[in-house]
Amino acid sequence: MVKTEKFIPKAIEKIKAKAQGKTIIALSGGVDSSVCAILAHRAIGDNLIPIYIDTGLMRKGETERIKGIFGDMNLQIIDAKDRFLDSLVGIKDPEEKRKAVGETFIRVFEEEALGVEAECLIQGTIYPDKIESDGGIKSHHNVGGLPEHINFKHIIEPIDDLYKDEVREVAHALELPEEICERMPFPGPGLSVRIIGEVTREKIEVVREANAIVEEELLEQFFPWQTFAAVLGKGTGVKGDLRVHGWIVAVRAVGSRDGMTAEALDLPWDTLRKISSRITGEIPTAARVVYDITPKPPATIEFE
Amino acid sequence: MEELRILVINNHGQFCHLIHRTVRDLDMDTSIVPNTTPVEEVIAEKPDGLIFSGGPSLERGGLCEEYAKELDIPILGICLGHQLIAHAYGGSTGAGSHGGYAAVDVEVVEEDDILKRLGPRISTWASHGDEVTELPPGFVKLARSEICAIEAMKHPDKPLYGVQWHPEVAHTDKGEELFRNFFEVCANYNK
């Protein structure tokens with residue numbers, strides 16, 4: 001396990017030694033990039049420019065939360081919703097989707113970086129990212145995808161020797177808000193991988209609302225390692241004597257130590273019923289709710 | 001136990017870094033090395049033992065079969081690593097009748113060295129389509145399950161061991177014990 005009292009000053013020293021001029025970091029609101037942002041801010045102060053890109057694929061209330069926590073750190077919030085959604089039009093294959101989001105991310109980020117004349121880049125890569133990208137299971141959008149048109153003097157990866165739970169320990173030691181320290185993993189491509197097939201504005205709205213409901217019902221009561229909703233496709237339903245051809249929403253809730261293996265939570269029937277009733281009741285176009293009981297392996301935690 | 005130098009050979013398996021982590025958390029000196037590292041370079045690292053990670057296919061097993069045949073140090077093969085050891089010594093591998101995913105109840109046939117104190121049954125996690133279908137000549141079967149006849153094996157004389165399941169994942173029972181048993185083999189070898 002990481003010794004935070006040694007790790008933190010050492011990491012700050014390393015950043016100080018490497019960073020020159022304006023240094024940027026892409027802040028996602030997850031624990032990894034948040035920890036890097038705090039370490040870097042302590043190292044180089046106002047030379048750090050954290051950039052948060054609103055991809056339109058974020059969870060409900062995410063952008064506001066980021067503003068609240070990092071607002072006093074030069075934070076640049078970029079609204080790129082349309083660009084991301086446009087880049088996803090017509091794409092059905094999961095890996096293609098990940099690539100499209102990753103690519104757009106890099107382009108938007110690159111433009112912003114050129115604008116602030118950044119010389120260095122900080123990335124929140126953690127140890128498993130490096131190894132996993134190598135195996136070809138899923139591509140990680142922050143590994144291997146770097147801005148091509150900027151010659152950064154240095155790319156700094158302050159936590160690339162740490163595992164997720166170690167990053168959380170550092171986050172606690174840095175006194176980041178509890179909700180960031182213990183934030184559930186959220187995929188880089190955002191809600192786009194919680195939609196089977198093509199990503200449309202309508203499906204994003206459905207999946208965003210459904211995710212919020214699932215989190216509200218499960219997070220504080222059952223402490224899942226990860227929980228979310230995904231939109232699978234359309235099915236027939238009936239609401240108040242009217243036929244509805246509406247969305248089928250899958251609920252996922254898993255227990256895990258590190259995300260590498262996982263099992264579906266054994267949720268009480270009443271809880272599942274309440275989630276089903278809320279999703280179909282509060283989202284007019286949702287017709288059906290299913291609970292995914294598959295462990296990992298053979299399934300993965302996310303759907304795409 | 002003294003600190004040993006254990007190299008994790010990366011066969012591109014998704015759990016490779018979990019092996020590294022488990023070994024590190026058990027206070028061993030460890031690093032992950034590519035499976036294309038030449039034999040001489042592996043020797044130059046002066047390892048006390050090697051662990052072959054899992055991976056997608058025999059074709060991506062790099063030089064593991066050479067390590068298994070040429071090096072005189074203890075080796076633990078996991079999943080594909082287990083199959084690579086079998087392949088190197090003339091055993092057969094192929095698709096099982098039933099892929100092993102998630103929980104698999106394993107019956108320990110012979111505790112030997114690496115399964116010491118793990119019997120008679122352990123609940124393990126697996127993730128494999130292929131398996132060892134025929135033991136290499138002389139090899140000893142150490143464990144079996146309902147879905148896979150050769151869950152674990154060892155070389156008749158050399159300290160070469162293979163397990164089909166993943167002792168490095170959180171959902172496997174007594175995974176750390178298996179690694180500790182292997183370290184004991186490494187610590188006592190050639191002494």
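Select A:F105 to begin: this residue is buried, with a relative accessible area of 17% (buried means under 20% relative accessible area, exposed over 50% and partly exposed in between, for a 1.4 Å probe and protein chains only). The model is predicted, so local features need pLDDT of at least 70 and side-chain atom pairs count only at pLDDT 80 or more, while totals for chains, interfaces and linings use all residues. Residues are numbered from 1 along each chain as its sequence is written, chains are lettered from A and ligands numbered from 1 in the order in which they are written, and side-chain values use heavy atoms, with hydrogens and water left out.

Next, add A:F109, which is buried at a relative accessible area of 4%. A:F105 and A:F109 lie four residues apart in helix α5 (residues 94-115) of chain A, and are therefore separated by about one helical turn. Helices (H or I, at least four residues) and strands (E, at least two) are DSSP runs, numbered from the N terminus. Over all chains, the whole structure holds six aromatic pairs. In the pair A:F105 and A:F109, the ring centres are 6.3 Å apart and the planes meet at 25°, so the pair is stacked. Rings of Phe, Tyr and Trp (its six-membered ring) pair if their centres lie within 6.5 Å; planes under 30 degrees apart count as stacked, over 60 as edge-to-face and the rest as tilted.

Now turn to charges placed over rings. The charged end of A:R59 sits over the ring of A:F186, 5.3 Å from its centre. Likewise, the charged end of A:K234 sits over the ring of A:W247, 4.9 Å from its centre. The criterion is NZ of Lys or CZ of Arg within 6 Å of the ring centre and within 35 degrees of the ring normal.

Then select A:V31, found in helix α2 (residues 31-44) of chain A. Is A:V31 buried or exposed? A:V31 is buried, at a relative accessible area of 3%. Leaving aside neighbours within four places in sequence, A:V31 is in contact (heavy atoms within 4.5 Å) with A:K164, A:V167, A:R168, A:A171, A:I180 and A:C181.

A:D32 also has its place in helix α2 of chain A, and counts as buried at 13% relative accessibility. With neighbours within four places in sequence left aside, the contacts of A:D32 are A:G124, A:I126, A:I159, A:K164 and A:V167.
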